[in-house]
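Q: I have a structure to go through and would like to discuss it step by step. Could we look at it together?
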Amino acid sequence: MSDQTLYAAFAGTIETALSALVDDGVLPADTSFKNVAVEPPRDPSHGDLATNAAMVLAKQAKTNPRALAEQITAKLADHPAITSAEIAGPGFINLRLDSSVWLDELKLIHILGDDYGRSSMGADTKVNVEYVSANPTGPMHMGHCRGAVVGDALSSLLEFAGHDVVREYYINDAGGQVDVLARSAHIRYREALGEDVGEIPEGLYPGDYLIPVGKALANELGDRFQHASEEDWLPIFRAEAVTRMMDLIRSDLALLGIHHDVFSSEAALHAADKPDEAEAWLREHDLVYDGVLEAPKGKAPPEDWEPVELPLFRSTKYGDDQDRPIKKSNGAWTYFGADLAYHMQKAENADELIDIWGADHAGTVKRIKAAVAALSEGKGKPTPFDVKLVQMVQLMRGGEPVKMSKRSGNFITIADMIEEVGKDVVRFTMLTRKPEAQMDFDFAKVVEQSKDNPVFYVQYAHARLNRTVLKSAEEGISPDPAEIARLGEEELALIKRAAQFPREIESAAKAREPHRIAFYLYDLASELHSFYTMGNKQPEKRFKLEQDVGLSGARLFLGQAIGQVIRNGLGVLGVDAVEAM
RNA sequence: GUCCCCGUAGCUCAGGUGGAUAGAGCGUCGGAUUCCUAAUCCGAAGGCCACAGGUUCGAAUCCUGUCGGGGACACCA
C-alpha cells in the first residue's frame, strides 16, 4: 500500500515527467532522481504539492533551475488531476490538485476505516523490539515509564507500518541483584512467620511490596527455611521472588496498556549455554582473546583495582573505545557476555533488532552494537540493529525536584502515577517530546492543569465529532457522501491534513519516532476545533444544518473521517479515543 | 581526560533525514458563548535558532571547534 498513498502517487507522476525529459535529451540518461522530493509545502498557500526537482537536477541538466522548471511544468500541464503548476522562489514547482483528488481521499478514509494509514512498508520484515527490561526486583517506578511508553508506541507504529513486530522483555534474573532480592524476601518470610526482624538491613530492598511475597512464601513453604543456611534457600527464594516480581511488573505494565509477546530469561540463557556458544564462535574468529584491561581513566581507580587477564571481546574493531570483558575473574559471565549471546539469539529470530534503553546505559551502546555487527556479519546475515536511548525524566512537584531512592523505598511507582493522572495522560505526555531530549515531568502541573494537557485537546476533538454525529442523527441527518462536492475550502483543508496521516505514519516509522504522531494529531485536532468554532459566528458553517440536509450530510461524512484518523492515530499511541467528555 | 545526548520566544517544547517569511502550548495583553460541548476559537506582543568557522544554489538542520546543561566511563546490572 505504501506505493499507493496519495503523495507517493504524485511522486510517481513527477518521475514520469522527468523520465520524459530524459527521453527528450534535456536530462542526461544517467540522471539520478534520488534527491527529488515531492511533499506538501510548509506553507499551504503555496499549493498542495511542491517538488525541488528543478533545483536538484539543474546542474546535471547544465541549465539553471528556473529554466528546467519550465520544461518540467510543461510535461505536467495536461495531467487531469493537476490544475496548476507554478514555479516559485529559487525553482520550486508548486502544484495544485483538483478537488476530486481530495474527495476521493475522503471516501478512501471511510472505505479503509481502521486500516486507513496502515502501510505495507515493513512487509516481510520481522522486527524485534526489546523494551522495559527492568530488573525484577520491585514494582515499576517512574524511571521505567518513558522507555516503556516509547517502546510500546514504537512497536505499534512499526506494526501499523506493516512490520511483523515482536515485543520482548529481557529478564535480568541472573545477576547479584536478584540474590539481594532473595535475601530481602527471606527476611519478609521470617517476618511472616512471626519473627521480629526489625529494620531491614542496609543493602537489602526495604520496600513494602515484599511483605506479601514473604507471606506467600511462608504459606507455601512453612517454616522449614526459617533457620536454614542461605545456600539451602537462596535458589528457591530467588526463583520464587523473581516470579512474583515479574507478575507485579506485568500488572504494572498492563496498567499502561503494555503487553509483551516474549519474556526472555537471562538465567535460562545461561542454562542453555548460549554464552559459551557465542564465546567459542568468537574465539574461532579471533574476536575474543585473553588480555588485560587498562585502569579506568578520569577518576581514581577502585581501591581493589589490579590488572587481571580476562577474555576480551574485540569491540574496538567495530568502533568501541576499549575491548570488553565477557567473563569475570571468578569465571562467571559478565552482564555483557550474556547480553551478547542474548542478542545473537534475538538476531536468529528476527530481521531487525531495536533496543530501547535508558540514557544511563549509553556507555554500553558501542560494545553491544559491535557484538551484533560481529556476530551477524560473521554468520552471513548482517542484522540492522538500533539502540534508542531514552533520556531521563526529572520528576518535579510544583517546580521542586522529587527525590527518589530505591534504598529508602521512597519512589513514585507507575501504579501511583496512573491512579493520579490516568494512563492516557501518562502515555501522551511521554510522547510529546522526542525521547533523546531530557524532560521534566511536573507531577503537580500535570494534575492541576490537566485541562491544558494536549491529550485532552485531541480527545476532545474526537468526542466533539462523535457527539455532533449523534446529535445530528436525532434530527434525522446522517453522514452521506452524496454531496461532498459542495464542501468548501475550509473543509478541503481539513481533508488535506487528514490525508497526510499515511505519510506521517511512514516517515515516523522510518525514523522510528512515534512522538511525531502525537504532534500530528495535535495539529489535526487544532484544525478541526478551528473549523468547528467557525460555526459559532457563522451558523451556515456548522456540521448540523437542518435546512440543508445534503451539505450537512457531506460535512458529517467529513467529520466522521477526521474522527477515524484521530482514532487510528491514538490507537498507535495506545491512547483511548473517548466518545464523550 | 574520553564517549553519548541536549542547547530554538519569559517558561515547556515542535521543526517531516538540506528548502521558500522560524512554529505551537503555557504565561502576558485584547476579543468571541441567544451556538452542533467555550476542555474551544480569533487577534497582538515576544527570536542573533548558544557562539565561531566550514560544506553548497540554499543550513535551526550536515562537518569541525568553543562555551553551557545532563548522563556514562567496573570484572556492576
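Q: At roughly what angle do the axes of helix α5 and helix α14 cross?
A: This is a predicted model. In it, the axes of α5 (residues 142-160) and α14 (residues 423-430) cross at roughly 80° and come within 9 Å. Angles of 65 to 115 degrees count as roughly perpendicular, so α5 is roughly perpendicular to α14.

Q: Which residues make that contact?
A: From α5 the contact involves Cys145, Arg146, Val149 and Val150, and from α14 it involves Val426, Arg427 and Met430.

Q: And how do they divide into nonpolar, polar and charged?
A: Five residues of the contact of α5 with α14 are nonpolar and two are charged, with no polar ones.

Q: Turning to the whole chain, how many helices and strands are there in chain A?
A: Chain A has 20 helices and 15 strands. Its C-alpha trace spans about 85 × 65 × 40 Å along the principal axes.

Q: What percentage of the residues count as buried?
A: Of the 581 residues in chain A, 39% are counted as buried. As for contacts with a separation of 6 or more, 74% are between residues 24 or more positions apart.

Q: Into which domains is the chain divided?
A: The division gives domain 1 (2-97), domain 2 (126-173 + 260-390), domain 3 (176-255) and domain 4 (453-573).

Q: How many residues of domain 2 are in contact with domain 3?
A: On the domain 2 side there are 11 residues, in contact with 13 residues of domain 3. The side of domain 2 that touches domain 3 comprises seven nonpolar residues, three polar and one charged. The C-alpha centres of these two domains are 28 Å apart.

Q: Where is Asp208 found?
A: Asp208 sits in the loop between α6 (176-192) and α7 (211-221). Its C-alpha atom is separated by 9.2 Å from that of Arg188, and the two residues are 20 residues apart along the chain.

Q: Is Asp208 buried or exposed?
A: Asp208 is exposed, because only 8 other C-beta atoms lie within 10 Å, and a residue counts as exposed if that number is 12 or fewer.

Q: Now the sheet with β8: what is its strand order?
A: The order is β8-β9-β10, in an open sheet of three strands with antiparallel pairing. The edge strands, each pairing on one side only, are β8 (288-292) and β10 (324-325).

Q: How many bridges are there between β8 and β9?
A: Five bridges join β8 to β9 (residues 309-313) in the antiparallel sense. Among them, Val288 has Phe313 of β9 as its bridge partner.

Terms used
Residues are numbered from 1 along each chain as its sequence is written. Chains are lettered from A and ligands numbered from 1 in the order in which they are written. This is a predicted model: local features need pLDDT of at least 70, side-chain atom pairs count only at pLDDT 80 or more; totals for chains, interfaces and linings use all residues. Two strands pair if DSSP finds at least two bridges between them. Helices (H or I, at least four residues) and strands (E, at least two) are DSSP runs, numbered from the N terminus. Domain bounds come from an automatic or database domain assignment. Two residues are in contact if their C-beta atoms, placed from the backbone, lie within 7 Å. Ala, Val, Leu, Ile, Met, Phe, Trp, Tyr, Cys and Pro count as nonpolar, Asp, Glu, Lys and Arg as charged, and the others, Gly among them, as polar. A residue is buried if 20 or more other C-beta atoms lie within 10 Å of its own, exposed if 12 or fewer, and partly exposed in between; C-beta atoms are placed from the backbone. Axes are lines fitted to C-alpha atoms, for helices over the stretch in contact, and angles run from 0 to 180 degrees between N-to-C directions. Angles under 35 degrees count as roughly parallel, over 145 as roughly antiparallel, 65 to 115 as roughly perpendicular and the rest as oblique.
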